[in-house]
Amino acid sequence: MQFHHHGYVSTDPRIQPAAGVGLDRPDDLPDEVDVLIVGTGPAGMITAAQLAQFPTVVTRIIERRPGRLAIGQADGIQARSVETFQAFGFAERLVAEAFRITEMTFWKPDPADRTRIVRAARTQDDPTGISEFPHLLVNQARVLDYFAEAMHNAPTRMRPDYGYEFRDLELTGGAYPVVVTLAHSAGDREGQLRTVRAKYVVGADGAHSRVRARIGCVPQGDKAFHAWGVMDVLAVTDFPDIRTKCAIQSGSGGSILHIPREGGYLFRMYVDLGEIPADDHGKVRATGIEAIIEQANAILHPYTLDVRHVAWHSVYEVGHRVTDRFDDVPLDELGSRMPRVFITGDACHTHSAKAGQGMNVSLQDGFNLGWKLGHVLAGRSPEALLATYSAERQVIARKLIDFDREWSSMMAKRPEEFDSPSELEDFYVKTAEFPAGFMTEYPSSMIVGDRTRQHLATGFPIGKRFKSAPVVRVADANSVHLGHHHRADGRWRIYAFAADPGTAGSALAGWAQWLATSPDSPVVAYTPKDADVDSVFDVKVVYRQPHTDVDLAAVPETFLPTVGPFGVVDYEKVYATDPEADIFAERGIDSGGAVIVVRPDQYVAAVLPLTATTELAEFFGRILLSPHRPAAAVAEFAKDEA
């Protein structure tokens, strides 16, 4: 964390100075906003938290409840989500209060007595080390609390507007073309209607989304006609793995997915209620908690479960659906107009809860959309950027549905139906990278380059998230994770990996000089004249040498920028190889060095050699708006690319 560059701060440094719309934010919901977000679930809150970093953008997020969520349904936090929390500044605190999953056990019928269950296998949760961050369990409500704090600490001082229910929207003309009808859902004005005009609307209003219905998006998929009861409870039991994640299969065919919860006592059980007829019409949802507990005890035999307190319970039917698109542009109108209304999270995709994907995938939906809206509304990028949201995220949702359909069907199988006794645990280990959130790979587009130079950095796959690694900060000899400095501040990251010491005449020195002085340089072309040089691009260098061999006095000034009103030097741009974990070797960096471009949402956008300055300029030329280039020309080019 960096602070004091605007003067001495003795208060909480996580609270950023108010700026832009945050200087005079009205308490009441205004009549006109840039972005109106409907719903304060994970997708809505992360979108709002990202937009809160854009001081000139008026964003409001509404919620029909009268206040914060008290009991959340989601609880699984995959490692990719924890990486994302790091970007928003609260990963360390959430990890401290969450339950950490280190292994999973598999229970099956005892071959000698199939009425009893026995532990059959244990697997490590992350045997291959796909992330430095853990797999966690914590109440969704706490995740939303942290995002609310991040929003309020941001320059715009954003906070949710509770007690508003979405009723309708209409697309009209003018500067604020989306006319939204809301109803007060709490307080003295309950039932009264009001209208808000917006430039863009984000529907994050859940599986029964009214926003989705209003823009004509069609959920596609099916039901599995299988029901599960889920309960968060405090109980006394002789089951020995009560504080371990478990997949439990009984001889009767019933199954339990058991999830320990944060705090050391609470746990969740997904209890198999069996097949339901096609004409059930939701009657199974009336199953009471007593029946769920009775079924859990039958599956756990010979162990018993004495439930003392039920914090929450529900019954759901497994369904797998994804909408045909994630915005208001019909498929036959793609390319003819830009979107104005978007849907995210459960409004786009619904599936079982047992793979822990609902909240996690929703977070990445919102992270993807938030920075794009911020760029367009802040005047950094053409509207065509917004078309990439549905194009990127809808494909990911379809892959999620395919994965979840396979996983949930396996969880519902009887033990004798498997081809191999270890099939379930083998599948869990083999597919671990997908539910952890690391199989997402965006295709080439206006914001993802082609793969022709991928060989220069094989460990940073283009289109996939930037996988962090330890490096040593030269100025103070601290070993840090390079990716942990990638905050959700809307900036692009450009990493120069230097094979040489950067002396005069070297490839690094030439690249750094071009970046600092050439009219074609993205830093020169797109950084506002009255802003810090790193306000749009965070440029860092990583040397192959040990930090003791790097002379700061010889480092190009590009990597030692002056910032803030006092023009002080930022020393956190210069890094060297960590002797305990050589990033060049671990990430397959070419012996001649490489440039890695990373998007604001932490996905690798391009890999280039240090000599490819023209390609770097062209890459950003199709994404960003510059006073040196007519906006209409950029917008037309970006539209063609999208």
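Two strands count as paired if DSSP finds at least two bridges between them. Strand S3 (residues 76-77) and strand S7 (residues 135-137) are joined by two bridges and run antiparallel. The model is a predicted one. The points below cover two open sheets, one of three strands and one of seven strands, followed by some of the helices.

**The three-stranded sheet**

- The strand order in this open sheet is S3-S7-S4, and the pairing is antiparallel.
- Strand S3 (76-77) and strand S4 (99-101) are the edge strands, each pairing on one side only.
- Between S3 and S7, Gly76 has Leu137 as its bridge partner.

**The seven-stranded sheet**

- This open sheet has mixed pairing and runs in the order S20-S19-S25-S22-S21-S26-S27.
- Its edges are strand S20 (478-481) and S27, and each of these pairs on one side only.
- From one strand to the next, the twist averages 30°.
- Strand pairing in a sheet is made through backbone hydrogen bonds and can be parallel or antiparallel.
- The parallel sense is found between S21 and strand S22 (residues 537-543), which pair over seven bridges.
- In that pair, Phe497 stands opposite Val542 of S22.
- The antiparallel sense is found between strand S21 (residues 492-498) and S26, with five bridges joining them.
- Here Ala496 is opposite Val595 in S26.

**Strand S26 and its hairpin**

- S26 also pairs with strand S27 (residues 604-608), in the antiparallel sense and over four bridges.
- Ile596 has Val607 of S27 as its bridge partner.
- S26 and S27 form a hairpin with five residues between them. In the turn, Gln602 has a positive phi of about 80°.
- Strand S26 (residues 594-598) is largely enclosed by the rest of the structure, because five of its five residues are buried.
- Both faces of S26 are covered. Ala594, Ile596 and Val598 are buried on one side, and Val595 and Val597 are buried on the other.

**Helix H1**

- All 10 of the 10 residues of helix H1 (residues 42-51) are buried, so the helix is largely enclosed by the rest of the structure.
- Among the buried residues are Pro42, Met45, Ile46 and Leu51, as well as Thr47 and Gln50.
- The buried residues of H1 pack against two strands, S1 (32-38) and S2 (59-63). They also pack against H2, helix H4 (140-153) and helix H7 (358-377).

**Gln86 in helix H2**

- Helix H2 (residues 79-88) contains Gln86.
- Gln86 has a relative accessibility of 15%. Buried means under 20%, so Gln86 counts as buried.
- Leaving aside residues up to four places away in sequence, Gln86 touches Ala91, Phe133, His484 and Arg487.

**Helices H10 and H13**

- A pair of packed helices is described by the angle between the axes and the distance between them.
- For helix H10 (residues 507-517) and helix H13 (residues 613-621), the axes come within 11 Å and cross at roughly 35°.
- The crossing of H10 past H13 is right-handed.
- H10 makes the contact with Trp511, Trp514 and Leu515, while H13 makes it with Thr613, Leu616 and Ala617.
- By class, this contact has five nonpolar residues, one polar residue and no charged residues.

Methods: Residues are numbered from 1 along each chain as its sequence is written. This is a predicted model: local features need pLDDT of at least 70, side-chain atom pairs count only at pLDDT 80 or more; totals for chains, interfaces and linings use all residues. Side-chain values use heavy atoms; hydrogens and water are left out. Axes are lines fitted to C-alpha atoms, for helices over the stretch in contact, and angles run from 0 to 180 degrees between N-to-C directions. A crossing is left-handed if the near helix is turned anticlockwise from the far one by less than a right angle, and right-handed if clockwise. Contact means heavy atoms within 4.5 Å. Ala, Val, Leu, Ile, Met, Phe, Trp, Tyr, Cys and Pro count as nonpolar, Asp, Glu, Lys and Arg as charged, and the others, Gly among them, as polar. Buried means under 20% relative accessible area, exposed over 50%, partly exposed in between (1.4 Å probe, protein chains only).
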